[in-house]
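The following exercises are to be worked through with the sequence and the model side by side. Each task is followed by a solution in steps.

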Amino acid sequence: MAEEELEHQHGKARVRVARLWRSKVDGQPHYLVEWNVSVSLISKVLPAFTEGDNSNIVATDTIKNTVYAVAKECTERLSPEDYGVRLGKHFLTTYPEIVTGSKITLFEKPWERVTVNGQLHDHGYKLGSEKHTVEVVVKSDGEAEVTSGVSELSLLKTTQSGFEGFFRDKYTILSDTRERMLASAVRAVWSYSTKPADYQKTYEEVKDVLVTTFFGPPHEGVYSPSVQKTLYEMAQAVLARFPEIDSIYLNMPNIHFLPVNMPTVGVKLGDDVFTPTDEPHGTIEARLSRKH
């Protein structure tokens with residue numbers, strides 16, 4: 001029989017945890033986050049597979065409970081990146097003879113404070129759209145690799161977009177245009193070469209750079225000759241603004257707004273009336289990295 005090699009890991013997926021920080025000072029606002037956390041452990045449990053010996057397995061129920069316990073230990077408000085690092089390191093330091101690595105994947109549900117009469121409410125929230133995503137890999141030496149991102153960032157501009165001069169063959173029916181709506185559900189993921197001073201602030205600023213580059217100045221806008229060109233400019237802008245970011249991946253599928261025309265009754269509505277599509281179509285993605 002050939003020599004065997006077994007690679008394995010185990011963990012708990014989709015643990016939903018909400019953490020509320022109440023200010024100790026009267027009149028100061030509350031702060032709420034909701035995270036969806038998945039944990040995967042690399043550990044020395046080969047006998048569990050080969051001999052049925054479970055003595056070194058950290059049970060998935062224990063992993064789930066640890067997600068909540070570590071959240072409770074975070075007495076001060078913190079970013080999902082910092083929480084992921086703390087959780088990942090917890091497993092290595094708590095089970096040093098068993099666990100040799102951990103991977104924490106999570107996203108933050110976008111609860112946002114509501115505005116009432118022009119002011120942010122102290123304890124009122126509404127659910128937003130885009131999600132803050134995080135992946136933390138903690139190695140056996142305790143070093144943490146952190147990747148941040150945003151998903152479901154839906155952007156739309158009603159003009160300043162076109163698509164023309166593309167390759168044509170007998171199956172091509174799409175017409176050239178220099179005037180169209182452009183919409184996409186952006187997914188961006190970026191990795192750090194060095195730890196930023198503040199993960200949460202950096203996340204907000206990266207998101208702002210992506211949005212600003214997509215739209216251009218408030219009144220003039222910026223012309224987009226293709227999603228590909230806009231994607232590249234967005235990635236370039238992030239690397240130029242944040243030296244601590246080593247690479248960025250962007251996925252920008254089209255969300256189409258189809259012109260409505262009713263030729264049989266002589267009505268053309270396509271300049272002003274559209275049928276929105278619910279799901280993104282196509283896939284346009286790229287990763288831009290710094291040269292070393």
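**Exercise 1: A glycine in a loop**

Gly142 belongs to the loop that joins β6 (131-138) and β7 (144-157). The model is a predicted one. Determine whether Gly142 is buried, partly exposed or exposed, and state which residues Gly142 contacts beyond its neighbours within four places in sequence.

*Solution.*
Step 1. The relative accessible area of Gly142 is 24%. Buried requires under 20% and exposed requires over 50%, so Gly142 is classed as partly exposed.
Step 2. With neighbours within four places in sequence left aside, Gly142 is in contact with Lys89 and Leu92.
Step 3. For Asn54, the separation from Gly142 is 88 residues in sequence and 25 Å in space, C-alpha to C-alpha.

**Exercise 2: Two domains and their contact**

Describe how domain 1 and domain 2 meet, beginning with the area buried between them.

*Solution.*
Step 1. Domain 1 covers 10-108 and domain 2 covers 113-289. To their contact, domain 1 gives 23 residues and domain 2 gives 21 residues.
Step 2. The C-alpha centres of the two domains are 31 Å apart.
Step 3. The size of an interface is often expressed as the accessible area lost when the parts come together. Between domain 1 and domain 2 about 1900 Å² is buried, and carbon and sulfur atoms give 57% of this area.
Step 4. Between the domains there are 10 residue pairs in polar contact, both residues being at pLDDT 80 or more. On the domain 1 side, β2, α3 and β3 (99-109) each supply at least two of the residues that touch domain 2. The largest share of that side, 9 residues, comes from β3.
Step 5. The count of salt bridges between the domains is 1. In a salt bridge between Glu135 and Lys103, the N to O distance is 3.8 Å.

**Exercise 3: Checking two helices**

Compare the expected span of α2 (residues 60-73) with the distance between its end C-alpha atoms, and do likewise for α5 (residues 227-241).

*Solution.*
Step 1. Helix α2 has 14 residues; at 1.5 Å a residue it should span 20 Å, and its end C-alpha atoms are 20 Å apart, which agrees.
Step 2. Helix α5 has 15 residues; the expected span is 21 Å, and the distance between its end C-alpha atoms is 21 Å, which agrees.
Step 3. An α-helix has 3.6 residues a turn, so residues three or four places apart point the same way. In α2, the buried residues are Ile63, Thr66, Val67, Val70 and Ala71; they pack against β1 (10-21), β2 (31-43) and α3 (80-94).
Step 4. In α5, the buried residues are Val227, Thr230, Leu231, Met234, Ala235, Val238 and Leu239. Their packing partners are β8, α4, β9 (245-251) and β14 (285-289).

**Exercise 4: A leucine and a lysine**

Is Leu182 buried or exposed, and is Lys207 buried or exposed?

*Solution.*
Step 1. Leu182 is located in strand β8 (residues 182-192). Its relative accessible area is 2%, so Leu182 is buried.
Step 2. Beyond residues up to four places away in sequence, Leu182 touches several others, among them Leu155, Phe214 and Val227. Val227 is also one of the buried residues of α5.
Step 3. Lys207 is part of helix α4 (residues 199-215). At 14% relative accessibility, Lys207 counts as buried.
Step 4. Neighbours within four places in sequence aside, Lys207 is in contact with Glu130, Val150 and Leu153.

Notes. Residues numbered from 1 in each chain as written. Predicted model: local features only at pLDDT ≥ 70, side-chain atom pairs only at ≥ 80, totals over all residues. Heavy atoms only, no water. Helix = DSSP H or I, 4+ residues; strand = E, 2+ residues; numbered from the N terminus. Expected span 1.5 Å × (residues − 1). Buried < 20%, exposed > 50% of the residue type's maximum accessible area, 1.4 Å probe, protein only. Contact = heavy atoms within 4.5 Å. Domains from an automatic or database assignment. Buried area = accessible area lost by both parts, 1.4 Å probe. Salt bridge = Lys/Arg side-chain N within 4 Å of Asp/Glu carboxyl O. Polar contact = N/O pair within 3.5 Å; in protein donor to acceptor, adjacent residues only side chain to side chain.
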